[in-house]
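Hi,

Here is the structure I promised to send over. Have a look at it first, and then read on for my notes.

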Amino acid sequence: MTREEIFDALIEIVTEINPDEDWSTLTPDESLRGKLESMDFLDVVMEIRKRYGIEVPEADYGKLGTMNSCVDYLFPKLSER
Amino acid sequence: MKSDRERVVITGVGLTAPNGNSLSEFRSNLLNGVSGVVPYSVRYFGETIAGLCNFEATRYQKRKELRVGTRAGSISIYCVNEAIADAGLQLDEDYARNRVGVFIGITEHGNVETENEIYELSKYDYQTKYWSHYHNPRTVANNPAGEVTLNLSLTGPHFTLGAACAAGNLGIVTGVQQVLLGEVDVAFAGGVSESPQTFGIFAAFASQTALASHEDSAKASRPFDMARNGIVVSEGGAIVVLERLDKAKARGAKIYGEIAGWCYNSDASDMVLPNPERQAECMKEAIQRAEMTPRDIDLINTHATGTPMGDVRECQAIAAVFDQACDHTFVNNTKSFIGHCMGAAGALELVGNLPSFDDGIVHPTINVDELDPRCELPGLVLNQPREAGKINAILNNSFGMMGINCVLIVKRFDA
């Protein structure tokens, strides 16, 4: 997957998790915490596990703060797929 | 003579039933013979029939709330918001949010969520790391009432009442008690059910030979009829606003009726078969506590579910309490229209009859083509509404598995 494809996949995930938010205005470095509550964030982790079989250990949760940091974290794990 | 501070009145009604999403719609359909029972297919079990609600959930909930919450929570939220609107209640202005209580009767809670989650887990070879982190908040017994407090930012007490199919009445009774105890100033109380959303209840009733079937779904729920063959499983909810009379008067509230008396007891005789002696005791005690005699009751709304034995036993109990002198006591049944709404049944069936105080009409029991002679009560209103004149008191029966009985009496309020 390219970085753009990962970004688009993440947008699809967060839109499903919180369909009431307008995700089209999200900037790549904006904190996701403003639009996702703690249980929503666990949904993101669960969706990554379900879709890609990637386990995100709790110690790495802090690396998923923005769309850009999410892509940075997932790209090495998904670039060969 | 009780003071207005010691009297509790119903000042708002919110509901969703298989044949109506407001009291006016529900009442109209009860008077016009409109059933809400439809063909239905449920996972594992297959084709059956059920009473399903089609209320507009997004009227009061965001899409994310619907995704993470429960059907019972959504029904509760809809009904409470509708009841508040109907009562003309302004939260913060009329009542502080920490003085509001939510008390909701449930037959069960968590079966639907758990079965759906196990189904999802099956797609991942039952590896529990894919189990939803929402399982616990969805399945805690207080979930339906708790979802209401989250939706409306209510900080008073909330809990559910697990009382099988007597739960709707018990929810209202508990709300009354909490108001009288001074634990809250206003109660949102009643019952809800999401039972049709999983196969278990259908399969269990089928195994018990107690699940209704009929080629015409609208005719499947037929209490008191010779051809009745069981229960129609339904969902629904009904919540009433309960206030002390002095406070209701002070804010100029519309008053549907006054809580007159109640009783709840246990059969202590069988897990599923009702006991008419205990049911009769429950009715007598409720009437006594209401400072009435059986002759003061103008309308009995029966619990009868359409099972051969259950209907007969309730009729035996009623006959034991209401003798021939009660010649103006009418008897009806709401499940014949909507099936058995389980935890919502008592509350839903009560509120569907409250308009009788105003219109003097008793809605009928439909689908009685051949009355079972063992159910032949003198005042039974069959198939067509009856002009009853002035209705002063309604007695509402609700009985449930494990032998729990709850009888609630509401009387006319004349300003």
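Which residue takes a positive phi just after helix 8 of chain B? That residue is B:Thr209, with a phi of about 55°. Please keep in mind that this is a predicted model.

Since we are at helix 8 of chain B, let me stay there for a moment. The helix covers residues 200-207, and its buried residues are B:Ile201, B:Phe202 and B:Phe205. Looking down the helix axis, you will find these buried residues within an arc of 100°, so they line one face of helix 8. What do they pack against? Their partners are strand 2 (37-42) and strand 3 (46-51) of chain B. Turn to the other side of helix 8 and you meet B:Ala204 and B:Ser207, which are exposed.

Next, the sheet in chain B. Ten strands make up an open sheet with mixed pairing, and their order is 5-4-6-7-1-8-14-13-9-10. At the edges stand strand 5 (158-162) and strand 10 (330-332) of chain B; each has a single partner strand, so one side of each is left without a neighbour in the sheet. On average, neighbouring strands of this sheet are turned by 25° against each other, direction ignored.

If you want one pair of strands to look at, try strand 1 (residues 8-16) and strand 7 (residues 236-244) of chain B. They run antiparallel and are joined by eight bridges. Within this pair, B:Leu15 has B:Ala238 in strand 7 as its bridge partner. Helix 3 (residues 71-87) of chain B packs on the sheet, where it touches strand 1 and strand 7 as well as strand 4 (100-106) and strand 6 (186-193). The direction of helix 3 makes about 130° with that of strand 1.

Chain A is another story. It has three helices and zero strands, so to speak an α-α-α run from the N terminus on. Its C-alpha trace spans about 30 × 25 × 20 Å along the principal axes. For 81 residues, a compact globule would have a radius of gyration near 12 Å, and the 12 Å of chain A agrees with that. Of those 81 residues, 17% count as buried. Among the contacts in chain A with a separation of 6 or more, 57% come from residues 24 or more positions apart.

Happy browsing, and do write back with any questions!

Best wishes

Technical notes:
Residues numbered from 1 in each chain as written. Chains lettered and ligands numbered in written order. Predicted model: local features only at pLDDT ≥ 70, side-chain atom pairs only at ≥ 80, totals over all residues. Pairing = 2+ DSSP bridges. Helix = DSSP H or I, 4+ residues; strand = E, 2+ residues; numbered from the N terminus. Axes fitted to C-alpha atoms, helices over the stretch in contact; angles between N-to-C directions. Contact = placed C-beta atoms within 7 Å. Rg over C-alpha atoms; globule rule 2.2 N^0.38 Å. Buried ≥ 20, exposed ≤ 12 C-beta atoms within 10 Å, placed from the backbone. Arc of directions from axis to C-beta.
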